[in-house]
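Work through the exercises below with the sequence and the coordinates at hand. Each task is followed by a worked solution.

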Amino acid sequence: MGMPDFFSTEAIMLRRTAYGDYDLILTFFSEERGKVAVMAKSARKHTRRFSPVLFEPLSVLHIVCHTGRGRLPVLQEATLTQPQSKTRTDIQKMAYAGYWSELLNGWLEENAPRERLYTLFREVLSATDRLPPGLLSLFFQMKLMALSGLVPDLSCCVQCRTAPDAISDALFFPDPARGGVRCARCAGPDQRPCLSRGTLRQLQWMTCQDLQRAGRIRLTPRSLEEGLAFAEAFVPYHLGKTPQSLRVLHQIRRRP
């Protein structure tokens, strides 16, 4: 009989679920294995073993697990390498980060490495201390769609194929089912949310940039609101549901 196999990887916790009286099931987005669920035995009973590491959501960790006969790998070690202390003290930043985590938890397949997406998530989390969370969320969602082969076509109306520069009223509306936007003429009355031509161009530009360049963009409050409404219509459509964390985020954004 051979010894149990071990693996170690950098990872970010996406979800923590109580299991039985004392255990935790932890879902990580790992650098080398993609999404992976592991068991942390007696983590709620013997809190000193992993504490405070397992109770610091969204921090970057280095984890060591062994795979034996059980259904899930068992967590052996978890070392904090990049805390998100400032993010955890800001309710709006935590709401945004919770939304990103829930998106990824539903978006990713088990044990399927997604290195570019992991790098994106890590970079966005790291930038919450210095960049506005709304701008980061817009960038994250546009890049998530691009890296998943679902980047929306913003070059023209998906129905009449008219380019934005050729439309006088310059208002557009999300059409996630057809992978793009419709002009006001094709969308019909009372469609929401809407995007201006300027916001449309900024979204196109942002999709092709890295975070360093995208972080320097100066969006007006209106453009940011339009862009977020667009992304938050598109991404959940492809996820197949509206995340609960998005509803919470909307409530927090409405606060004065």
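The exercises treat the confidence of this predicted model, then one helix and its surroundings.

**Exercise 1.** State how confident the prediction is overall, and find where confidence is lowest and highest.

Solution. Start with the average: the protein has a mean pLDDT of 88. Next, take the share of residues that score at least 70, which is 94%. Then go by element: helix H1 (residues 85-88) has the lowest confidence, with a mean of 72, and H4 has the highest, at 96. Where pLDDT is low, the coordinates should not be read in detail.

**Exercise 2.** Compare the span of helix H3 with the expected value.

Solution. H3 runs over residues 115-126, which gives 12 residues. At 1.5 Å a residue, 16 Å is expected. The distance from the first C-alpha of H3 to its last is 16 Å, close to that expectation.

**Exercise 3.** Determine which residues of H3 are buried and how they are arranged around the helix axis.

Solution. Apply the cut-off for burial, under 20% relative accessible area. Leu 117, Tyr 118, Leu 120, Phe 121, Val 124 and Leu 125 meet it. Viewed down the axis of H3, these buried residues fall within an arc of 160°, so they line one face of the helix. Glu 115 and Arg 116, on the other side of H3, are exposed.

**Exercise 4.** Identify elements that cover the buried residues of H3.

Solution. Take the strands: E1 (5-19), E2 (23-30) and E4 (60-67) are among the cover. Then take the helices: H2 (91-107), H4 (133-147) and H7 (211-214) are also included.

Methods. Residues numbered from 1 in each chain as written. Predicted model: local features only at pLDDT ≥ 70, side-chain atom pairs only at ≥ 80, totals over all residues. Heavy atoms only, no water. Helix = DSSP H or I, 4+ residues; strand = E, 2+ residues; numbered from the N terminus. Expected span 1.5 Å × (residues − 1). Buried < 20%, exposed > 50% of the residue type's maximum accessible area, 1.4 Å probe, protein only. Arc of directions from axis to C-beta. Contact = heavy atoms within 4.5 Å. pLDDT = per-residue confidence, 0-100.
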